[in-house]
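Work through the exercises below with the sequence and the structure at hand. Each task is followed by a solution in steps.

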Amino acid sequence: MVSAKSLFEEILGNDESFRLFCSIAASGEAQGGWENARIAALVPASERALAPKITRHGADEDKHGRIFNALLKKRGLDPVPVPPETDYTRLLEEQGIGLAHGKLKGDEPLTVQDLITYLAHSRVTEQRAADQMVMLRKYFSDHPVVGRAVRMISHDEDNHLAYTHEELLRFAAAGHGPFIQRVLRDCALAEIRVHRDVSLAVMARMGRILGWPKAKSALLAAGIHAVYAYERLAGWRTMVSLRMPEHRNALGGPPASAPEFA
């Protein structure tokens, strides 16, 4: 039987699969850090109060990238280049999800609709990240190698998700509700396709590294397709709902440092 726990234990137990896993994760987090930093710098004057929260979000993502790189360093491993077909953030951008890097590299202030697009993109992708970290926390919260990192990142992802809910609801109350729902739906449907494709690509590479038999690889691929079918039919709706979080102003303070990983 193939379970999420046994699968991750297998990846964790092999240097090459662990190196690929951490390299992909570190690259995605670093990209998120850059994107948030640029968005914070381009926030329009009418929304300057949002800039510190976006900066905090980016600082958290940078911290996560350092954590994954530190996990590699502790094991005496160097990062590897991220295979293009496993680059989640790049593939989302190519689907037109979120703000284009060309816009972020410029100096023109963003619009309110740009900020809503950013927040909707974050609400969807942070839901994915938070759900994945809940799973890892369930099985590896006390793991001697990755347990502390899992707990820290999971806490941050919960804060990020709460922040996106609260800010999108604020914009909805200001009259942007229909636009928010349209962008959320587009983001969610694109994200589940990209997540499926990236998951298949990552599992294919892990299978080659770990020498999985064809039957095991086929079973995992079937499971990924089954998850996509469910999400395409109904699961995407959990990514577009909005509710006021219990933890308000989740990104209102300075980012927590991670000196043991930095």
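**Exercise 1.** Describe how helix 3 and helix 6 pack in this predicted model, and sort the residues in their contact by class.

Solution. Step 1: find the two elements; helix 3 covers residues 51-74 and helix 6 covers residues 112-140. Step 2: take the geometry. The axes of the two helices are 13 Å apart and make an angle of about 35°. The crossing of helix 3 with helix 6 is left-handed. Step 3: list the residues that meet. Helix 3 contributes Ile54, His57 and Glu61, and helix 6 contributes Leu115, Tyr118, Ser122 and Glu126. Step 4: sort them by class, which gives 3 nonpolar, 2 polar and 2 charged residues.

**Exercise 2.** Decide whether helix 1 is roughly parallel, oblique or roughly perpendicular to helix 7, and describe their contact.

Solution. Step 1: helix 1 spans residues 4-13 and helix 7 spans residues 147-210. Their axes come within 11 Å and cross at roughly 60°. Step 2: compare this angle with the cut-offs. Angles under 35 degrees count as roughly parallel and 65 to 115 as roughly perpendicular; helix 1 is therefore oblique to helix 7. Step 3: the handedness of this crossing is left-handed. Step 4: on the side of helix 1 the contact is made by Leu7, Glu10 and Ile11, and on the side of helix 7 by Met203, Met206 and Leu210. Step 5: by class, the contact of helix 1 with helix 7 has 5 nonpolar residues, 1 charged residue and no polar ones.

**Exercise 3.** Examine the aromatic pairs of the structure, and state for the residues of two of them whether they are buried or partly exposed.

Solution. Step 1: the structure holds 4 aromatic pairs. Step 2: one of them joins Phe8 and Phe21, with 5.2 Å from centre to centre and 80° between the planes. Planes over 60 degrees apart count as edge-to-face, and the pair of Phe8 and Phe21 is edge-to-face. Step 3: place the two residues. Phe8 is in helix 1 and Phe21 in helix 2 (residues 15-41), so their pair ties together parts that are 13 residues apart in sequence. Step 4: check the accessibility. Buried means under 20% relative accessible area; Phe8, at 8%, is buried, whereas Phe21, at 25%, is partly exposed.

Step 5: turn to Tyr139 and Phe140, another edge-to-face pair, with 6.4 Å centre to centre and 70° between the planes. Tyr139 has a relative accessible area of 35% and is partly exposed, while Phe140 has 1% and is buried. Step 6: put the residues together. Phe8, Phe21, Phe68, Tyr139 and Phe140 form one aromatic cluster.

**Exercise 4.** Locate Arg248 and Asn249, and say what stands out about the phi of Asn249.

Solution. Step 1: Arg248 lies in the segment after helix 8 (214-233), and Asn249 lies in the segment after helix 8 as well. Step 2: Arg248 is partly exposed at 47% relative accessibility, and Asn249 is partly exposed at 40%. Step 3: relate Arg248 to Asn159. The two are 89 residues apart in sequence and 9.1 Å apart in space, C-alpha to C-alpha. Step 4: consider phi. Most residues other than glycine have a negative phi. Asn249 has a phi near 55°, a positive value in a residue other than glycine.

Technical notes
Residues numbered from 1 in each chain as written. Predicted model: local features only at pLDDT ≥ 70, side-chain atom pairs only at ≥ 80, totals over all residues. Heavy atoms only, no water. Axes fitted to C-alpha atoms, helices over the stretch in contact; angles between N-to-C directions. Helix = DSSP H or I, 4+ residues; strand = E, 2+ residues; numbered from the N terminus. Parallel < 35°, antiparallel > 145°, perpendicular 65-115°, else oblique. Left-handed = near helix turned anticlockwise from the far one by under 90°. Contact = heavy atoms within 4.5 Å. Nonpolar A, V, L, I, M, F, W, Y, C, P; charged D, E, K, R; others polar. Phe/Tyr/Trp six-rings, centres within 6.5 Å; stacked < 30°, edge-to-face > 60°. Buried < 20%, exposed > 50% of the residue type's maximum accessible area, 1.4 Å probe, protein only.
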